[in-house]
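Grab the model and work through a few strand exercises with me. Try each task yourself before you read its solution.

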Amino acid sequence: MNTVNYRMNRVKQRMNTVNYRMNTFNYRMRRGEYNMVFISELISNSSDALEKLRHKMITAGDTAPMQIHLQTDASKGTFTIQAFLDALQNQAEASSSIIGQFGVGFYSAFMVADKVDVYSQSAETGAPGYKWSSDGSGVFEITEQYKVVGPKDPVFAVAGEDVILPCFVKPSISVVDMRVEWFRPDLKDSQVHLYDDHVDKYTDQIQSYRERTKLNHQELQRGNASLKLSSVRVSDEGLYKCFIQYKSWSDDATVNVKVEAVGRPPVITVDGFDHSGGLHLQCESEGWYPEPDLEWLNSEGNSVNYRINTVEYRMNTFNYRMNTVNYSMNTVNYRMNAVNYRMNAVNYRMNTVNYRMNTVNYSMNTVDYRMNTVNYRMNTVNYRMNTVNYSMNTVDYRMNTVKYSMNTVDYRMNAVNYRMNTVNYRMNTVNYSMNTVDYRMNTVNYRMNTVNYRMNTVNYSMNTVDYRMNTVKYSMNTVDYRMNAVNYRMNTVEYRINSQLQDEHSKLQDGKRRIQHVNVILDADTAHPDLIVSDDGKQVRSGNTQMKGKDRFYEYLGGVGKDGFSSGCFNFEVQVKGQTEWDLGVIRESVNRKDWISLRPENGYWIVGRRDGTYSACDSSVYSLSLSVNPQKVGVFVDYGKGLICFYDVESMSHIYSYTDQSFNEKLYQFVCLGYKMNVNSTPLIICDDY
C-alpha cells in the first residue's frame, strides 16, 4: 500500500511539473518609481546570487572563484549580465544553458528596454532551466526549457536485424501525456510511428513499417522516446524525425539511419579458354548494399585486368558478374572491400550493448530502491519494538515506585502502632487528664484518616498500573494478530504457487505418457544452400554452398524432416547446446520457403527460437520468454487432433511455451533453422534418439 501511495505521489508531482511549463501571471508596477541606477541594481542582484552560492559551497566544504560579466551588442540592441563560477566558465561560453544563475532587479530595467528575458538555471547538475519574459505591460510568462535530443552521428543498422533509434527529452521528464511522432521527412506518406492519448496509433502508418516499430512505454516516463525498428530493410535507410509535442510546446530531433547488407559468398567458375590459351574465370555474387568495391588479385597479391559484365540493382541490393583471363595458371584471388560495413556493424553492436547496459543500470536502481524500502520498513519495526521496550521499562519503573510507596505505608503503620502502644502504656501508668487523652485520641484519628487516604491513593495507582498493563497486553496481542495475518497470506501465496507447479507438472507428465517418439530424418533436398546435412540426416550446420533446388529455403537457414504427419500425437527432441541462433518447431507442407516472411502461425510456422541471447515465441505477436536456465535439449510435442504444440526443456522437464487451439488442415513437418541468411557459429543442431 505504501508503494502504491508513493507512485501516486510521483504521478501527481510529474503532472504538476508538466502543468507548470507555461503559466501566465499578472503584476503591477509604477514606472515613476524606477531610478537610473538599474545597472548597479542588476549587478547587486548578481552579486547576491553568487554570495548565496558561495555560502552553500563553503557549507559543503568546497570553494571556487566567481565572476560577473557585462556584455553589450549594439547591432542587436541588447545588454547582458552573466554570473559565473570559474569552474563553469568554459561550459558557459560553449552553451547558453548555464546563464542567469542569479535573481534580477528587473523593474528598473524597463526604463531602457522594450523587453526583458531572464534565463535561469541552477548550478546543480540535471536541474531544468526556466525563461522569464515580459514587455513591461503588466504580464509576464514563465516557461520551462526542455529540448529533444538525438544522436549526432548516423545510426548504422544491418539488414534483417533490429536497431534502436535514440530520442530523449533533456532534462528528463515524463512524456507519457505528450504526443510522440516518428516520420520520414523525405517521403510523401511519412508516418513511421505515432503515440498519442496514451496509446499507439497505426491508422496512417507506412505499410512497410507495419508490425516492425515499438515504443517502450515504461521508458516514456523517464523521457526516453527511442524507437525500436525490427527486421531492418535496405529501404529503411534515410532521415527520421522524432517530434514531441505538449500543448503549445514542441521540439524535434533528426536521426540519420544507414543500412548495410552483406551478400552471398562469391562463386568463381571456369568459362572456357581464349584463342591464346588463357583460362576464362567468371565470378558472381548477389545481395550487397551499398555497392561494393570489386578487384581481381593474382597469387602475389597484385591487381590483374578484369571486366565487369553485369552490375544490377534488384530488390534494393546490388548483384554483379565479372570476368578475367588467367595465363599463368596460378591461383587468382578475389577481394571485396567490406571493411566499412564491418566497422559499422561493430559500432552498431557497441550501441546495442550500451543500450542494454543502461537498461541493466535502471533495473539495478529499481532493486536499490526496493531494498531501501525494505530497510525503511525494517527500521520502522525496530522503532516500534524499541517503543514497546520503552513502555515496558516505564511500567517496571512505576511498579518500583508503587513498591516504594507500599514500604512507606508499612513504615508509617508501624509508627502508628508504636504510638498506640505508648498511649496504652500511659493510660495504664498515669491517671492523665481525660481532656489530654481526648486530644491525643483526636490526633490519632486524624492520622488514621490520613493513612486511609494514602491507602486509597495507593489503590488508585495500582488500578492505573493494571489498566496500563492491560493496554500493553492488548497492543502486544494486536501485533501478534497482524503477524499471524501476514503469515497466513504468505502461506496462501505459497499454496497457490505449489498448486500451479503441480498442475504444470501433471500436464507435462500426462503429455509425456501420450508422446509417440518419431525417428526424424532431415531432408537434405529442402535445406538452405548454405547448410550441410549429415549423411544420416541427424545433424545440420552452417557450411559450404550446395546445389539449388525448387523446394529449398532461400531466406531462412532452415530444413524439414522427410516424413509428415496429419493425425495423432508425435514428439521429437533436438540438441541446441553451443548454438546461439536457432528456431525449432513444425510447419505446414505448403509454407512459403523462398521469401522473407514472419515465422508465426498465420503463415504456417509454430516455432520457439533464440536471438542475441533472448528466447521468444511468435504467436499473434512476439513473446519474450523468461527461462531460469539455458536449455541444452528442447523437446517438441504435437497433438494434431487437439491443435496443441508444446515446447519443453528435456533435461529439467520444465515447460517453455505452448500453442493451443490451433487448426491444422494439411500435413505438418518437423522444422529446424539456424537463423536468417547468415550464421557464423558452426555448432550443429542434432536430432536426438536417446529417449
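**Exercise 1. Work out the strand order of the open six-stranded sheet, then find its edges.**

Solution. Start with the order: this open sheet of six strands reads S26-S35-S28-S29-S30-S31, and the pairing is antiparallel. Next, the edges: S26 (556-560) and S31 (622-625) each pair on one side only. Then the twist: from one strand to the next it averages 25°, with axes as lines fitted to C-alpha atoms and angles running from 0 to 180 degrees between N-to-C directions.

A word on terms: strands are DSSP runs (E, at least two residues), numbered from the N terminus, and two of them pair if DSSP finds at least two bridges between them.

A word on the source: this is a predicted model, where local features need pLDDT of at least 70. Residues are numbered from 1 along each chain as its sequence is written.

**Exercise 2. Zoom in on how S28 meets S35.**

Solution. S28 covers residues 582-588 and S35 covers residues 668-676; six bridges join them, and they run antiparallel. For a concrete contact, take Val-586: its bridge partner in S35 is Gln-670.

**Exercise 3. Which strands does S27 pair with, and is S27 mostly covered or uncovered?**

Solution. First partner: S32 (residues 633-639), antiparallel to S27 over seven bridges. Here Glu-573 has Gly-635 as its bridge partner. Second partner: S36 (residues 685-688), also antiparallel, joined to S27 by three bridges. On that side, Gln-575 stands opposite Ile-686. Finally, the cover: S27 (residues 569-575) is mostly covered, with six of its seven residues buried (under 20% relative accessible area, 1.4 Å probe, protein chains only).

Conventions:
This is a predicted model: local features need pLDDT of at least 70, side-chain atom pairs count only at pLDDT 80 or more; totals for chains, interfaces and linings use all residues. Side-chain values use heavy atoms; hydrogens and water are left out. Buried means under 20% relative accessible area, exposed over 50%, partly exposed in between (1.4 Å probe, protein chains only). Helices (H or I, at least four residues) and strands (E, at least two) are DSSP runs, numbered from the N terminus.
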